[in-house]
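Work through the exercises below with the sequence and the structure at hand. Each task is followed by a solution that goes step by step.

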Amino acid sequence: MADRAEMPDDWSRALVLMAHPDDPEYGVAAAVAEWTSRGKDVRYVLATRGEAGIAGTPPAVAAGLRTEEQRAAISHVGVSELEFLDYPDGRLESGLALRRDIAAAIRRHQPELVVTLSYDDTFEGLYWNSADHRAMGISVMDAVADAANEWIFPELSSARLSPWQGVKYVALAGTAPTHYVALRQESVDAAIASLAEHREYLKALSPEPVAEQARAVVGGSVNAGRIELRVFGA
Ligand SMILES: [Zn+2]
């Protein structure tokens with residue numbers, strides 16, 4: 001831990017690209033709150049609406065519910081834009097279609113920092129990572145190069161999305177960290193409030209009160225006042 005470097009600060013816009021509503025809240029929302037408090041522009045693009053995520057609630061109902069919960073969640077951490085790619089929850093496949101749509105999102109938002117979730121098979125060898133997270137994470141890594149290249153998805157250029165070569169860093173949450181973001185307590189509190197907005201989702205996961213679940217989850221992702229990330233390009 002001691003040899004981890006501080007996350008570089010020479011960027012102004014970040015795009016968090018993850019599979020589901022609540023994915024940013026589980027791993028990086030405290031860093032997002034910290035960044036936006038320093039004037040950074042942070043936006044979220046989620047591949048699905050998480051409609052298969054609430055046991056007992058049909059996807060047609062859950063999609064709207066989780067969209068609203070996500071909108072409420074971003075208001076606590078200063079995120080400026082939220083977009084959904086509307087892929088089916090639980091059935092994400094890494095492949096050309098997903099890479100193309102992620103590359104298009106990168107071109108639209110023109111971030112210097114891209115943030116996504118680990119695509120390892122497991123988290124710390126303890127928990128199996130989900131099919132959606134694996135498909136999304138690896139596709140995001142590949143789509144950074146796709147966004148910069150005018151020839152891989154020429155249909156994007158004809159849709160007037162110019163290639164974007166400005167991504168300086170890609171940060172992965174939940175795998176062998178190389179860097180850290182130091183957090184003020186306000187940022188940790190904002191992340192807890194952000195996760196707690198996923199009320200219906202959390203209520204279905206556990207009988208524990210939602211606020212306590214949120215505090216425990218965010219506490220688990222914060223290590224000695226830091227969020228740790230694996231950063232490429234630094
Ligand atoms: Zn997820």
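A residue counts as buried if 20 or more other C-beta atoms lie within 10 Å of its own, with the C-beta atoms placed from the backbone. The structure shown is a predicted model, and the exercises start with its strands.

**Exercise 1. Decide how far strand β2 is enclosed by the rest of the structure, and find its partners.**

Step 1. Apply the definition of burial to β2: five of its six residues are buried, so β2 is largely enclosed by the rest of the structure.

Step 2. Look for the bridges of strand β2, which covers residues 13-18: six of them join β2 to β3, and the two strands run parallel. Within this pairing V16 stands opposite Y44, while L17 stands opposite V45.

Step 3. Turn to strand β5, residues 113-117, which pairs with β2 in the parallel sense over three bridges. Here V16 stands opposite V115 of β5, and this residue of β2 also faces Y44 in β3.

**Exercise 2. Follow the sheet from β3 to its edge strands.**

Step 1. Strand β3 spans residues 41-46, and because five of its six residues are buried, β3 is largely enclosed by the rest of the structure.

Step 2. Four bridges join β3 to β4, and these strands run parallel; R43 has E81 of β4 as its bridge partner.

Step 3. Place these strands in the whole: the sheet is open, has eight strands with mixed pairing, and follows the order β1-β9-β10-β8-β5-β2-β3-β4. Its edge strands are β1 (5-6) and β4 (81-84), each of which pairs on one side only.

Step 4. At the β1 edge, two bridges join β1 to β9 in a parallel run, and A5 stands opposite H179 of β9.

**Exercise 3. Is V181 buried or exposed, and which residues is it in contact with?**

Step 1. Locate V181, which lies in strand β9, residues 179-182.

Step 2. Count its surroundings: 22 other C-beta atoms lie within 10 Å of V181, and therefore V181 is buried.

Step 3. Leave aside the neighbours within four places in sequence, and V181 is in contact with M7, A31, E34, R226, I227 and L229.

Step 4. Compare sequence with space: V181 and E228 are 47 residues apart along the chain, yet their C-alpha atoms are separated by 6.4 Å.

**Exercise 4. Describe how helix α2 meets helix α7.**

Step 1. The axes of α2 (residues 29-37) and α7 (residues 185-196) come within 8 Å and cross at roughly 125 degrees, and the two helices are therefore oblique to each other.

Step 2. The crossing in which α2 passes α7 is right-handed.

Step 3. On the α2 side the contact is made by A29, A30, A33, E34 and S37, and on the α7 side by S187, V188, A190, A191, S194 and L195. Sorted by class, the residues of this contact are seven nonpolar, three polar and one charged.

**Exercise 5. Describe how helix α4 meets helix α5.**

Step 1. The axes of α4 (residues 96-109) and α5 (residues 131-148) come within 8 Å and cross at roughly 55 degrees, which means that α4 is oblique to α5.

Step 2. Here α4 passes α5 in a right-handed crossing.

Step 3. Residues of α4 that make the contact include L98, I102 and I106, and those of α5 include A135, V140 and V144. By class, the contact of α4 with α5 holds nine nonpolar, one polar and four charged residues.

Methods: Residues numbered from 1 in each chain as written. Predicted model: local features only at pLDDT ≥ 70, side-chain atom pairs only at ≥ 80, totals over all residues. Axes fitted to C-alpha atoms, helices over the stretch in contact; angles between N-to-C directions. Parallel < 35°, antiparallel > 145°, perpendicular 65-115°, else oblique. Left-handed = near helix turned anticlockwise from the far one by under 90°. Contact = placed C-beta atoms within 7 Å. Nonpolar A, V, L, I, M, F, W, Y, C, P; charged D, E, K, R; others polar. Pairing = 2+ DSSP bridges. Buried ≥ 20, exposed ≤ 12 C-beta atoms within 10 Å, placed from the backbone.
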